[in-house]
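Please open the structure in your viewer and keep the sequence beside it. The tour below goes stop by stop, saying what to select and what is there.

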Amino acid sequence: MYRRGKAATSGFGEAALDRALADEAFVVGQLDRLRTEGAQRTSAWARDAIAWFAPDIRWAVTADSTTALLLEAEIEKVLRPNGIWNRPRKLA
């Protein structure tokens with residue numbers, strides 16, 4: 001989802017795009033691309049922003065769902081104030 005740029009408005013995707021757009025070198029690179037390749041879709045800009053952001057992605061295996069939820073809550077406490085948190089999707 002992130003690699004394809006489809007998560008531009010998710011918490012993480014939006015944070016990466018916001019940070020990239022605040023970096024003059026990223027914006028200049030995108031303007032150069034605009035001049036040579038033409039207009040790009042938002043998903044392409046988001047994909048480029050996530051690549052620029054170069055996140056270090058990790059995961060953990062837990063014994064049960066309760067432990068997983070507790071771990072998620074702890075991680076969210078660290079990430080949410082920095083604007084880097086994916087909005088959870090409700091399962092049907």
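A residue is called buried when its relative accessible area is under 20%, exposed when it is over 50%, and partly exposed in between, using a 1.4 Å probe and protein chains only. This is a predicted model, in which local features need pLDDT of at least 70 and side-chain atom pairs count only at pLDDT 80 or more, while totals for chains, interfaces and linings use all residues. Residues are numbered from 1 along each chain as its sequence is written, and side-chain values use heavy atoms, with hydrogens and water left out.

**Whole chain**

Begin with everything shown as a cartoon. The protein has 4 helices and 0 strands, and from the N terminus on the order is α-α-α-α. Helices (H or I, at least four residues) and strands (E, at least two) are DSSP runs numbered from the N terminus. Of the 92 residues, 23% count as buried. The accessible surface is about 7100 Å², and 57% of this belongs to carbon and sulfur atoms; such areas come from the Shrake-Rupley method with a 1.4 Å probe, and for residues only the protein chains shown count as cover. A contact means heavy atoms within 4.5 Å. Among contacts with a separation of 6 or more, 63% are between residues 24 or more positions apart.

**Stop 1: α1 against α3**

Select residues 11-21, which form helix α1, and residues 42-53, which form α3. At what angle do α1 and α3 pack? The angle is about 80°, and the axes are 8 Å apart. The two helices are therefore roughly perpendicular to each other. On the α1 side, the contact is made by Phe-12, Gly-13, Ala-16, Leu-17, Arg-19, Ala-20 and Leu-21. On the α3 side, the residues are Trp-45, Ala-46, Ala-49, Ile-50, Trp-52 and Phe-53. Axes here are lines fitted to C-alpha atoms, for helices over the stretch in contact, and angles run from 0 to 180 degrees between N-to-C directions. Angles under 35 degrees count as roughly parallel, over 145 as roughly antiparallel, 65 to 115 as roughly perpendicular and the rest as oblique.

**Stop 2: Asp-48 and Gln-30**

Stay on α3 and select Asp-48, which is found in this helix. Its C-alpha atom is 8.5 Å from that of Leu-17, 31 residues away along the chain. Leaving aside residues up to four places away in sequence, Asp-48 touches Phe-26, Gln-30 and Arg-33. Next select Gln-30, in helix α2. Is Gln-30 buried or exposed? Gln-30 has a relative accessible area of 7%, so it is buried. With the same sequence neighbors left aside, Gln-30 touches Trp-45 and Asp-48.

**Stop 3: salt bridges of α2**

A salt bridge is a side-chain nitrogen of Lys or Arg within 4 Å of a carboxyl oxygen of Asp or Glu. The structure holds 4 of them. Select Arg-33 and Glu-37: they form a salt bridge, with the closest N and O atoms 3.3 Å apart. Being 4 residues apart in α2, the two are separated by about one helical turn. Arg-33 is buried at 16% relative accessibility, whereas Glu-37 is exposed at 54%. Add Asp-48 to the selection: Arg-33, Glu-37 and Asp-48 are linked in a network of salt bridges.

Now select Arg-35 and Asp-32, whose side chains meet in a salt bridge of 3.2 Å, N to O. They are 3 residues apart in helix α2 (residues 24-37), so about one helical turn separates them. Arg-35 is exposed at 62%, and Asp-32 is partly exposed at 39%.

**Stop 4: a salt bridge of α4**

Move to residues 65-79, which make up α4. Select Lys-77 and Glu-74, whose side chains form a salt bridge at 3.2 Å, N to O. Being 3 residues apart in α4, Lys-77 and Glu-74 are about one helical turn from each other. Lys-77 counts as exposed at 57%, and Glu-74 as partly exposed at 44%.

**Stop 5: the loop between α3 and α4**

Select Ala-54, which lies in the loop between α3 and α4. Its phi is near 50°, a positive value in a residue other than glycine. Ala-54 is exposed at 54% relative accessibility.

Val-61 lies in the loop between α3 and α4, and at 77% it counts as exposed. Select it with Ile-57 and Trp-59 to see a nonpolar surface patch of about 470 Å². Patches are made of residues with over 30% relative accessible area and no salt bridge: like charges are joined within 9 Å, and nonpolar side chains (Val, Leu, Ile, Met, Phe, Trp, Tyr) within 5 Å.
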